[in-house]
Amino acid sequence: MEYFLIIISAIFVNNIVLAQFLGICPYLGVSNKLSTATGMSMAVCFVITLATLVTFLVNKYLLVPFQIEFLQTIAFILVIAALVQMVEIVLKKVSPSLYQALGIFLPLITTNCAVLGVAINVVTKEFSFVPGGMLNLGQALVYAFATSLGYGLAMVIFAGIREHLALNDVPKAFKGVPIAIISVGILALAFMGFSGMVK
Amino acid sequence: MSKLRLIGDGLVKNNPTFVLLLGMCPTLATTTSAINGMSMGLATLFVLVLSNMAISALAPVVPDKVHIPVYIVVIATFVTLLQLLMQAFTPAMYETLGLFIPLIVVNCIVLGRAEAFANKHGVLESACDGLGVGLGFTCSLTVLGLVREILGSGSAFGWNFIGGGDGMLAFVMAPGAFLCLGYLMVLFNKLFKKN
Amino acid sequence: MAVNSNLTNMVLVLGLTCLFCSAVLGGAYVLTKDPIEKAAAEKQNRAIAQVLPHFSDLEYNADGHYYKATDGDAVVGYAIESSTVGFGGALSLMVGITPDGVVYNSSVLSHSETPGLGAKCTTDGRFMDQWRGFNPSVKKLSVTKDGGDVDAITASTITSRAYTQAVANALDTFNAICHE
């Protein structure tokens, strides 16, 4: 049951972009076309889930037992950087077309706050729908995967909106990023309607 | 280039929030009040200046293919240093800013300035660049935080001018962040962009 | 980048950087460990001092998450840590109960409630003051909406209910302590 709550909460109630403000930079950069938005979401989903798996284990079996939790930030970001590098190499071999389509955005996933944010949240934040507050590995993975689904959802919706906006007459001072951010604000307002769903 | 020019550039010409469009995540998340925004800005400034200086000094001896991980480790070190110092001496603000302190590591501004400036210039100039961009960031965050605080809680820098601390709640929460930032960008464009 | 990107150089530079940085952080950690612990202890002590009358000694019970406050031989009261789930996440309270079973005061240790709504549990004087000297044998421990005597925060019933539940849990712990 709690897995269901974790999933609903991560996708709708606490959407990573619209409620937690993580992953905004690539969100604004990639979402002007639906096709790149979908590709990017899948790459981010993969990286977030895998990164959470590895960082959770690193934290549990390396940082905590040796009491070097203060090295958490460095360790986590190194894991993420290494993972993204690996994903790049694998993707180049397995699907060169997707690799080309993502271009510069693939290495940029390293600096996507969503990835590091989820990794840190999973080992430090106390969650309300789990007794004791701290997640175990299974719950952490479900949370990470659901969070990235929420990221994808927000991105795809937004890409659709932006494709329409591009065809419209926008005042000069608003053109480009400002009108995009204001649209995200309205989207965030809509998503606020989900709050209170889990409780 | 004069050192003072470097610092001044960070405020308008290279303003990270309104011109470079970097560091959006902490901008939106930590500006629930003017003080919070200002603290986040100053924390980022601390990391920016130090990492710019360190990377500027290290750049000549770092092999090209491995420079990104090395820069990231250096930045992460300063961020962790900041974490430890804040936990020890400003615990209340440490808890308020929460997750976004370690997230300074992936703040595109820090790595961005390292790549664009620090690894091509001297240590002192890089420090000035870090100071300028950091000040620009702090100003943007403080202004955004102030607007959201006035509209959302009826106070400014913690001083309540509407009794009971009531305001338009939406501005202290997620949508308000996006809306305020968007409109402030429009204002900035109208005031400072010549095209 | 004046240095050649061969494997030895790359491994050397990255490895040395990591080692040096870890050493610096290790040193910083050792230096800040005491101030950090002091800051945490101060926060805890401030919360306890807020919820109990004057005491001279404190004894922590890790199993029950409570502090026994004494002044000489007399037990001044118990400061009990109690958590429930509020609207936005965990709601953690420190509840001070005197030996007669009356709540002396309560204070919030941490919360994730909505600013301007549930977050008023730390600023709304009317809500906070009613917990001073709250006697559970005279007043019913639930919000007025549920037929009780607790005045909820305006438009924040869920947070108020969670707060009430936390106080109730603390009282249960207190009763368990008394029956030991």
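User: Which are the buried residues of α8(A), and what makes a residue "buried" here?

Analyst: The buried residues of α8(A) are A:Ala140, A:Tyr143, A:Ala144, A:Ala146, A:Thr147, A:Ser148, A:Gly150, A:Tyr151, A:Ala154, A:Met155, A:Phe158 and A:Ala159. To get that label, a residue needs 20 or more other C-beta atoms within 10 Å of its own. Bear in mind that this is a predicted model.

User: What do the buried residues of α8(A) pack against?

Analyst: Their partners are α1, α2, α3 (34-63), α7 (113-124) and α9 (177-191), again in chain A.

User: How do you know what helix α8 of chain A should span, and what do its end C-alpha atoms say?

Analyst: Helix α8 covers residues 137-166 of chain A, which is 30 residues, and at 1.5 Å a residue that should span 44 Å. The end C-alpha atoms are 43 Å apart, so the two values agree.

User: What is the secondary structure of chain A as a whole?

Analyst: Chain A has 9 helices and 0 strands. Along the sequence that reads α-α-α-α-α-α-α-α-α.

User: Why is chain A called as compact as a globular protein of that length?

Analyst: Set the value against the rule: for 199 residues the globule rule gives 16 Å, and the radius of gyration of chain A is 18 Å, which is close, so the label fits. The C-alpha atoms of chain A fill a box of roughly 60 × 45 × 30 Å along the principal axes. Buried residues are 43% of the chain A total. Of the chain A contacts with a separation of 6 or more, 79% are between residues 24 or more positions apart.

User: What does chain C give by the measure of a compact globule?

Analyst: A compact globule of 180 residues would have a radius of gyration near 16 Å, but chain C has 23 Å. Its C-alpha atoms take up a box of roughly 80 × 45 × 25 Å along the principal axes. In chain C, 36% of the residues count as buried. Among chain C contacts between residues at least 6 apart in sequence, 48% join residues at least 24 apart. The secondary structure of chain C is 3 helices and 5 strands, in the order α-β-β-β-β-β-α-α.

User: Why is A:Phe21 counted as buried or exposed?

Analyst: A:Phe21 has 26 C-beta neighbours inside 10 Å, and the cut-off for buried is 20 or more, so A:Phe21 counts as buried. A:Phe21 is in the loop between α1 (2-13) and α2 (24-30) of chain A. Phi of A:Phe21 is near 60 degrees, a positive value in a residue other than glycine.

User: What makes a positive phi worth pointing out?

Analyst: Most residues other than glycine have a negative phi. Chain B has a case too: B:Leu21 is not a glycine, yet its phi is positive at about 55 degrees. B:Leu21 is in the loop between α1 (3-9) and α2 (24-29) of chain B.

User: Why is B:Leu21 called partly exposed?

Analyst: B:Leu21 has 19 other C-beta atoms within 10 Å. Buried needs 20 or more and exposed needs 12 or fewer, so B:Leu21 falls in between. The label is also given to C:Ala168, because it has 16 other C-beta atoms within 10 Å. C:Ala168 is in helix α3 (residues 157-178) of chain C. From C:Ala168 to C:Cys18 is 150 residues in sequence and 50 Å in space, C-alpha to C-alpha.

User: Why are α4(B) and α1(C) called roughly parallel?

Analyst: The axes of helix α4 (residues 67-89) of chain B and helix α1 (residues 7-51) of chain C cross at roughly 5 degrees and come within 8 Å. Angles under 35 degrees count as roughly parallel, so these two helices get that label. By class, their contact has 20 nonpolar, 5 polar and no charged residues.

User: How many residues does the contact take from chain B and from chain C?

Analyst: The contact takes 26 residues from chain B and 24 from chain C. On the chain B side, α4(B) gives the largest share, with 13 residues. That side divides into 17 nonpolar, 7 polar and 2 charged residues.

User: What about the side of chain A that touches chain B?

Analyst: Here 30 residues of chain A are in contact with 33 residues of chain B. On the chain A side, α9(A) has the largest share, 8 residues. By class, this side has 24 nonpolar, 6 polar and no charged residues.

How values were computed
Residues are numbered from 1 along each chain as its sequence is written. Chains are lettered from A and ligands numbered from 1 in the order in which they are written. This is a predicted model: local features need pLDDT of at least 70, side-chain atom pairs count only at pLDDT 80 or more; totals for chains, interfaces and linings use all residues. Helices (H or I, at least four residues) and strands (E, at least two) are DSSP runs, numbered from the N terminus. The radius of gyration is taken over C-alpha atoms; the globule rule is 2.2 Å times the number of residues to the power 0.38. Two residues are in contact if their C-beta atoms, placed from the backbone, lie within 7 Å. Axes are lines fitted to C-alpha atoms, for helices over the stretch in contact, and angles run from 0 to 180 degrees between N-to-C directions. Angles under 35 degrees count as roughly parallel, over 145 as roughly antiparallel, 65 to 115 as roughly perpendicular and the rest as oblique. Ala, Val, Leu, Ile, Met, Phe, Trp, Tyr, Cys and Pro count as nonpolar, Asp, Glu, Lys and Arg as charged, and the others, Gly among them, as polar. The expected span of a helix is 1.5 Å times one less than its number of residues.
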